[in-house]
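Here is a set of short exercises to work through with the structure open beside you. Try each task before reading its solution.

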Amino acid sequence: MKKKFRPESLMMSYGYRPEWSEGAIKCPIFATSTFVFNSAEEGKAFFEVAYGKRDKEPNEKIGLIYSRINNPDLEILENRLCLWDRAEEAAVFESGMSAITTVMLEYLKPGDLILYSMPIYGGTDHFISHFLPSMGVNVLGFGPDESKEDIIFKIKDTGHSDRLKLIFLETPANPTNDLIDIEMCSEIASFFSSDDNKVVTAVDNTYMGPLWQHPLEHGADIVIYSATKYIGGHSDVIAGAVLGSEEIIKRIKTLRTFLGNMAGPWTGWLLLRSLETLKVRMDKQTSNAQKVAGFLDGHPLVKSVHYLGLLNEGSRYYKIYKKQCSAPGAMVSFEIKGGEKEAFTFLNNLPLFKLAVSLGSTESLAQHPKTMTHAGLEEEHQLEIGITDSLVRLSIGVEHPDDIISALDQALKAVEKDKKAEEELMAL
Ligand SMILES: *Cc1c(COP(=O)(O)O)cnc(C)c1O
């Protein structure tokens with residue numbers, strides 16, 4: 001049997017042939033809105049398949065029609081994205097939010113029920129809590145500590161369990177790295193599925209990225225990414241992706257064609273370029289993050305550190321982590337001793353890092369979830385899910401680890417100096 005190459009070895013060439021473009025080693029940017037047919041018969045054949053009037057013949061190659069439907073930069077990107085998650089098909093979108101909302105709009109109709117995990121990305125939370133109910137969809141959230149039996153009971157209790165259509169998860173959850181058991185959720189989906197109603201499980205895998213957690217292997221039907229984060233990885237592009245079986249992605253791409261929220265060729269090309277270094281970037285970011293977590297853990301000014309590499313063996317989260325992730329990733333959050341004042345002093349005195357939201361990029365980023373990414377949540381809900389005044393979230397980049405730690409040390413020293421000055425003032 002021919003040995004298969006790993007995704008990182010294929011990211012430079014897979015799905016593209018230089019003879020398509022005058023021998024160009026890299027796929028050019030196909031800046032074109034429309035594609036020329038060789039004959040009227042060919043145009044007719046392409047449209048029959050694109051509009052679902054007939055299925056593709058076994059060896060029929062479906063040609064390019066119009067860039068809202070397909071474009072070489074997007075198609076090659078979609079083929080390469082499939083390799084990491086071992087998915088059959090992928091669809092690329094102009095943002096992570098358009099990927100998420102297109103999945104929800106495809107699977108939810110008025111009267112249906114969606115079950116979703118909390119905490120969840122702010123934009124997703126807003127769409128679920130405000131937009132979906134406005135079109136008559138019932139929504140039900142659950143937390144990382146609820147058992148399978150608790151959740152099944154809650155679903156039955158809504159009175160809409162026969163209309164459960166979509167289970168939507170985000171794990172690890174932003175910003176606290178709480179974990180949700182994907183296999184458990186797919187079992188809940190099976191429990192409520194019937195012959196004419198298959199409950200679909202979708203996982204937003206943005207926070208872990210495509211390398212170290214493959215939700216499809218744990219029973220999920222759909223994987224979603226904000227490609228703005230690790231996949232893009234350079235803080236210079238907004239994009240999203242949905243992956244799954246051929247059958248699912250056919251539905252998603254059909255809706256994408258009519259919503260018109262596909263990414264453009266320039267975005268496709270930028271992401272192809274980013275994918276070439278995804279593995280080296282993420283390896284370096286994770287090894288740096290492990291060092292950062294080690295430095296913060298036990299620091300006298302730090303109350304607690306939330307990092308997957310620091311989970312206690314034997315804990316419930318550790319078991320889920322071992323089952324579904326193969327590395328701890330580059331997202332670290334921690335509580336500084338004190339409150340908002342100490343957190344802000346830390347952020348305002350942190351060199352090298354950029355004070356900005358987003359994550360997974362080459363440069364290290366820091367932010368304050370309670371007043372920034374998660375400012376939209378009710379305070380009671382924030383506290384319930386561990387988003388306190390003293391919580392700081394870090395996305396670790398590819399800088400030299402000693403420089404990153406030196407930067408954190410300088411910021412913590414500034415907090416300490418501030419504290420001392422205050423104590424002296426009080427003593428006067
Ligand atoms: C950023 C993010 C999104 C939204 O993606 P955009 O590309 O900004 O639209 C969705 N989910 C998670 C977990 C994210 O971090």
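## Exercise 1: Two cysteines

Cys82 has a relative accessible area of 8% and is therefore buried. Bear in mind as you go that this is a predicted model.

**Task.** Find out how many disulfides the protein has, and what surrounds the sulfurs of Cys82 and Cys185 in terms of other cysteines.

**Solution.** Start with the general idea: a disulfide covalently links the sulfur atoms of two cysteines. The cut-off to apply is a sulfur pair within 2.5 Å. By this rule the count is zero disulfides. Take Cys82 next: the nearest cysteine sulfur belongs to Cys27 and is 16 Å away, and Cys82 is in no disulfide. For Cys185, the nearest cysteine sulfur is that of Cys325, at 14 Å, and Cys185 is in no disulfide either. Finally, check the cover: Cys185 has a relative accessible area of 0%, so Cys185 is buried.

## Exercise 2: The overall fold

**Task.** Decide whether the radius of gyration of the protein agrees or disagrees with that of a compact globule, then describe the chain as a whole.

**Solution.** First, take the length: for 428 residues, a compact globule would have a radius of gyration near 22 Å. The protein has 23 Å, which agrees. Next, look at the extent of the C-alpha trace, which spans about 90 × 60 × 45 Å along its principal axes. Now count the secondary structure: there are 14 helices and twelve strands. Turning to burial, 53% of the 428 residues count as buried. As a last step, consider contacts between residues at least 6 apart in sequence: 73% of these join residues at least 24 apart.

## Exercise 3: Surface and charge

**Task.** Work out what share of the accessible surface belongs to carbon and sulfur atoms, and how many positive and negative side chains there are.

**Solution.** The accessible surface comes to about 19900 Å². Carbon and sulfur atoms account for 54% of that surface. For the charges, the tally is 45 positive and 60 negative side chains. The centres of these two sets lie 5 Å apart.

## Exercise 4: A histidine in a loop

**Task.** Locate His160 and name the residues that His160 touches, not counting those up to four places away in sequence.

**Solution.** Begin with the location: His160 sits in the loop between helix 6 (148–157) and strand 4 (164–170). With 28% relative accessibility, between the 20% and 50% limits, His160 counts as partly exposed. Leaving out residues up to four places away in sequence, His160 touches Leu113 and Asn138. The pair His160 and Leu113 is 47 residues apart in sequence, yet their C-alpha atoms are 6.5 Å apart in space.

## Exercise 5: Backbone exceptions

**Task.** Inspect the peptide bonds leading into Pro172 and Pro175, and the phi angles of Ser235 and Leu352.

**Solution.** Keep the usual pattern in mind: most peptide bonds are trans, and most residues other than glycine have a negative phi. The bond from Thr171 to Pro172 is cis, with omega near -5°. The bond from Asn174 to Pro175 is also cis, with omega near 5°. Pro172 is in the loop between strand 4 and helix 7 (182–192), and Pro175 lies in the loop between strand 4 and helix 7.

Now for phi. Ser235 has a positive value near 50°; Ser235 lies in the loop between strand 6 (222–226) and strand 7 (240–244) and is partly exposed at 43%. Leu352 has a positive phi near 70°. Leu352 belongs to the loop between helix 12 (340–348) and strand 10 (354–355), and at 40% relative accessibility Leu352 counts as partly exposed.

Notes: Residues are numbered from 1 along each chain as its sequence is written. This is a predicted model: local features need pLDDT of at least 70, side-chain atom pairs count only at pLDDT 80 or more; totals for chains, interfaces and linings use all residues. Side-chain values use heavy atoms; hydrogens and water are left out. Helices (H or I, at least four residues) and strands (E, at least two) are DSSP runs, numbered from the N terminus. The radius of gyration is taken over C-alpha atoms; the globule rule is 2.2 Å times the number of residues to the power 0.38. Buried means under 20% relative accessible area, exposed over 50%, partly exposed in between (1.4 Å probe, protein chains only). Contact means heavy atoms within 4.5 Å. Accessible areas come from the Shrake-Rupley method with a 1.4 Å probe; for residues, only the protein chains shown count as cover. Lys and Arg count as positive and Asp and Glu as negative; His and the chain ends are not counted. The place of a charge is taken as NZ of Lys, CZ of Arg, CG of Asp or CD of Glu.
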